[in-house]
Amino acid sequence: MITNRLPSSTAWDSFHSLFIGLLHASSFSLTTPAFAAKKSYIVYLGSHNHGEGATDADFDRVSETHHEFLQSYLGSSDKAKEAMIYSYTRHINGFAAMLEEKEAADIAKHPSVVSVFLNKGRKLHTTHSWEFMSMDKNGVAPSDSLFSKSSYGEDSIIGHLDTGVWPESPSFGDEGMGPIPSRWKGTCENDMTGFRCNRKLIGARYFNKGYGAYAGSKVMRNSTLNSPRDYEGHGSHTLSTIGGNFVPGASIFGLGNGTAKGGSPRARVATYKVCWPPIDGNECFDADIMAAFDMAIHDGVDVLSLSLGGLPSDYFDDGLSISAFHAVKKGITVLCSAGNSGPFKETVSNISPWILTVAASTLDREFDSDVELHNGQIFRGASLSKGLPEDKLYPLIRADQAKLASASVADAILCKKETIDPEKVKGKILVCLRGETARVEKSLVALEAGASGMILCNDEPDGNGLIADPHFLPASQITYEDGQAVFAYINSTKNPLGYIRPPITKYQIKPNPSMAGFSSRGPNFVTPEILKPDVTAPGVNIIAAYSGAVSPTETDFDTRRVPFITMSGTSMSCPHVAGVAGLLKTLYPHWSPAAIKSAIMTTTRTRDNTGKAMLDADGKKATPFAYGSGHIRPNRAMDPGLIYDLTVNDYLDFLCLLGYNQTQIQLFSGAPHYRCPDSTMNLLDFNYPTMAIPKLYGSVTLTRRLKNVGSPGTYKATLRVPAGVSISVKPDTLKFEEIGEEKSFKLTVEVTRSGVGTVFGGITWSDGKHYVRSPIAIGGVRA
């Protein structure tokens with residue numbers, strides 16, 4: 001039965017206005033141009049509250065109501081049908097349509113409309129990872145590990161929104177898998193290529209209408225755009241990291257050999273393909289993302305992972321944020337990548353408090369390809385390329401020294417296309433600077449110019465971060481500091497010589513983990529009171545499944561095909577945490593998404609494998625703006641002791657405190673009886689597992705509540721107090737006698753010395769066995 005559909009035309013006037021004037025007043029012009037171009041918009045109407053017995057006929061009636069509503073603005077049924085892209089009928093209430101700017105503005109004024117926003121585009125952002133996180137040893141999981149305790153995530157259902165999947169990959173074989181859980185409502189959308197699901201890969205759907213609204217009908221005739229098959233490689237990689245089955249002997253060009261498996265290797269997985277070939281740099285569009293979420297919630301997933309994102313925006317102007325809330329409301333844990341726009345501040349995306357946002361860091365495995373200079377210097381490098389043809393020293397040349405007469409020095413040093421003179425480079429090792437163009441593309445430029453090899457030197461922002469790539473010729477990537485030394489050596493001699501050693505796999509490299517330079521950073525641009533990202537996880541040189549439709553270098557003339565590949569990015573770190581979330585969901589099926597999130601966040605570490613503070617890519621001490629709570633420790637997460645829990649109402653209170661009105665929030669949540677809290681409530685009291693004070697003037701007091709999910713115990717607070725402030729907690733001892741018991745505490749932070757910049761402290765609650773950690777980020781300190 002439909003309980004929250006659009007009202008009939010006779011009831012429109014009974015609704016209060018839901019339009020956010022501040023948000024949209026600048027988004028729509030009320031003047032009509034001579035020729036009004038249509039763009040794809042999303043009209044968001046809130047939440048459906050279908051009963052358990054909702055049928056396809058009910059969903060069809062919702063769609064009809066959406067068409068009738070659109071028809072009332074466009075003037076005819078035919079125009080409405082032509083304009084409609086999607087009708088969201090199951091959990092998310094709304095539709096996507098092609099509209100003129102004024103039509104969108106008029107619809108936004110309707111009292112039953114929460115928001116109207118453009119169908120924005122977004123970008124896509126292993127064998128050893130799990131051993132690095134102490135979940136197994138030499139491929140064997142100890143009896144007390146999260147792998148063993150959760151039976152490897154048996155029968156949890158994990159979905160991902162990405163570029164699809166290559167179903168023939170051994171990572172998605174169903175050997176050892178039992179019958180598909182009866183609660184699964186999903187389907188497998190087959191195609192002409194023989195795409196098939198099984199007891200491991202239990203669902204596959206694709207959503208391309210929002211993409212098609214940008215691409216146009218001519219582009220959409222391509223048959224590869226009507227399939228859940230992965231023609232890019234990203235989706236197969238991320239889904240196998242989440243829940244790939246056990247695959248012995250996995251490697252990339254013989255390097256990193258081991259048993260590949262996902263974080264929940266006995267979980268069932270499903271793909272929702274929403275990302276397609278780039279249009280103006282965008283691959284995944286909000287209209288498709290919202291349609292995929294709506295269906296994934298209906299299908300019955302337990303966890304959803306998204307390794308994609310865009311610029312942070314207001315919560316009701318963000319299709320991913322809106323969709324994630326609807327999923328969390330249904331008990332689904334949603335995880336997203338933090339983005340690859342680091343190391344610059346305020347770049348973190350996917351910042352909603354109901355999303356678990358994941359940054360990227362290194363692990364202790366490296367694919368070393370050292371660079372030797374004739375003067376005896378040796379620099380550690382990274383690569384997956386073959387070795388040089390001869391064991392001898394080769395002439396070195398800087399890319400700017402090898403430039404064509406028509407090329408600029410700035411472009412040549414970056415080894416951009418059509419900047420390098422073959423006559424100057426032939427038989428030499430070309431030294432290029434990282435930045436602006438793809439790393440592997442630079443090696444292609446070197447190869448086409450006739451170079452024997454390439455040394456890729458990091459630019460300053462990328463610092464010490466090294467990524468092993470399958471370059472087109474013998475190549476090695478080195479750090480910024482080492483690159484400066486190579487450039488200095490070349491400048492110091494008339495006959496610079498060097499050599500690139502073939503790559504080898506090394507383990508237990510120290511210090512690790514460290515933050516990846518590309519990982520996006522806080523503070524949170526939209527709501528700085530919520531510290532983002534939430535955690536970090538392995539995201540550099542991760543080995544996982546790949547697509548059989550694309551080469552390792554993603555170029556057409558590279559005919560190589562590999563079942564596994566290394567990739568780097570927060571796209572790779574996010575599925576690691578999603579796999580852990582799947583394990584926790586198996587172990588604790590009744591835990592809320594917030595409980596799972598808190599357990600992962602409060603059990604992290606901020607020290608590397610030398611016992612020292614985790615470093616950033618520039619070699620300096622990393623901060624919570626880079627790693628959030630810290631690096632995940634899955635075995636600790638299964639027994640956190642205490643958690644910071646949050647309910648749907650807590651999230652609604654959060655939105656009230658940001659200024660959204662009660663009527664908007666009632667439609668957004670599908671909770672008609674919800675009431676905003678009184679004005680005395682403070683945003684800083686939102687029960688998040690981390691604490692952020694954007695600006696501290698004098699003093700401030702925060703309130704948090706902890707819930708016991710372990711054995712009875714007495715917890716004592718320990719504070720880490722940074723310079724310039726004092727921190728106190730009351731009470732400093734909390735006694736819990738039963739599971740589910742909740743207790744509150746107040747944390748007071750006071751200025752002791754003004755003028756101090758951003759500082760970081762922390763609070764840890766411990767009963768001697770559990771350590772419940774929360775960082776405290778304090779902005780500019782003022783008296």
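Which residue stands opposite T536 in β26? In this predicted model, the residue that stands opposite T536 of β26 is A359, and the legends below begin with the sheet to which β26 belongs.

**View 1. An open sheet is formed by 7 strands whose pairing is parallel.**
Read across the sheet, the strands follow the order β7-β10-β6-β13-β15-β16-β26. The edges are taken by β7, residues 201-206, and β26, residues 535-538, and because each of these has a single partner strand, one side of each is left without a neighbour in the sheet. From one strand to the next, the twist averages 25 degrees. In general, the strands of a sheet pair through backbone hydrogen bonds, and they may do so in either a parallel or an antiparallel way.

**View 2. Strand β16 pairs with the edge strand β26, and helix α10 packs on the sheet.**
Strand β16, which covers residues 356-361, is joined to β26 over 4 bridges in the parallel sense. Helix α10, made of residues 319-329, touches β13 (303-306) and β15 (333-337) as it packs on the sheet, and the direction of α10 makes about 150 degrees with that of β15.

**View 3. Helices α10 and α19 pack against each other at an angle of about 150 degrees.**
Two packed helices are described by the angle between their axes together with the distance between those axes. Here the partner of α10 is helix α19, residues 648-657, and the two axes are 10 Å apart. Angles over 145 degrees count as roughly antiparallel, and α10 and α19 are therefore described as roughly antiparallel to each other. On the side of α10 the contact is made by F325, V328 and K329, while α19 contributes V648, Y651 and L652. Sorted by class, this contact has 5 nonpolar residues, no polar residues and 1 charged residue.

**View 4. Within helix α2, R61 and D58 meet in a salt bridge.**
The structure holds 30 salt bridges, and in this one the side chains of R61 and D58 come together at 2.3 Å, N to O. The two residues are 3 apart in helix α2 (residues 56-74), which means that about one helical turn separates them. R61 counts as partly exposed because its relative accessibility is 37%, whereas D58, at 7%, counts as buried.

**View 5. A salt bridge between R501 and D370 ties together two loops.**
The side chains of this pair meet at 3.4 Å, N to O. R501 lies in the loop between β24 (497-500) and β25 (504-506), and D370 lies in the loop between β17 (366-368) and β18 (371-373), so the pair links parts that are 131 residues apart in sequence. With a relative accessibility of 31%, R501 counts as partly exposed, while D370, at 13%, counts as buried.

**View 6. E390 and K392 meet in a salt bridge, and four other residues are linked in a network.**
The side chains of E390 and K392 meet at 3.8 Å, N to O. E390 is partly exposed, with a relative accessible area of 44%, and K392 is partly exposed at 38%. The network of salt bridges links K120, R122, D286 and D318.

**View 7. Helix α8 is largely enclosed by the rest of the structure.**
This helix covers residues 234-243, and 10 of its 10 residues are buried, which is why it can be called largely enclosed. Among the buried residues of α8 are H234, H237, L239 and I242.

Technical notes
Residues numbered from 1 in each chain as written. Predicted model: local features only at pLDDT ≥ 70, side-chain atom pairs only at ≥ 80, totals over all residues. Heavy atoms only, no water. Pairing = 2+ DSSP bridges. Axes fitted to C-alpha atoms, helices over the stretch in contact; angles between N-to-C directions. Contact = heavy atoms within 4.5 Å. Buried < 20%, exposed > 50% of the residue type's maximum accessible area, 1.4 Å probe, protein only. Parallel < 35°, antiparallel > 145°, perpendicular 65-115°, else oblique. Nonpolar A, V, L, I, M, F, W, Y, C, P; charged D, E, K, R; others polar.
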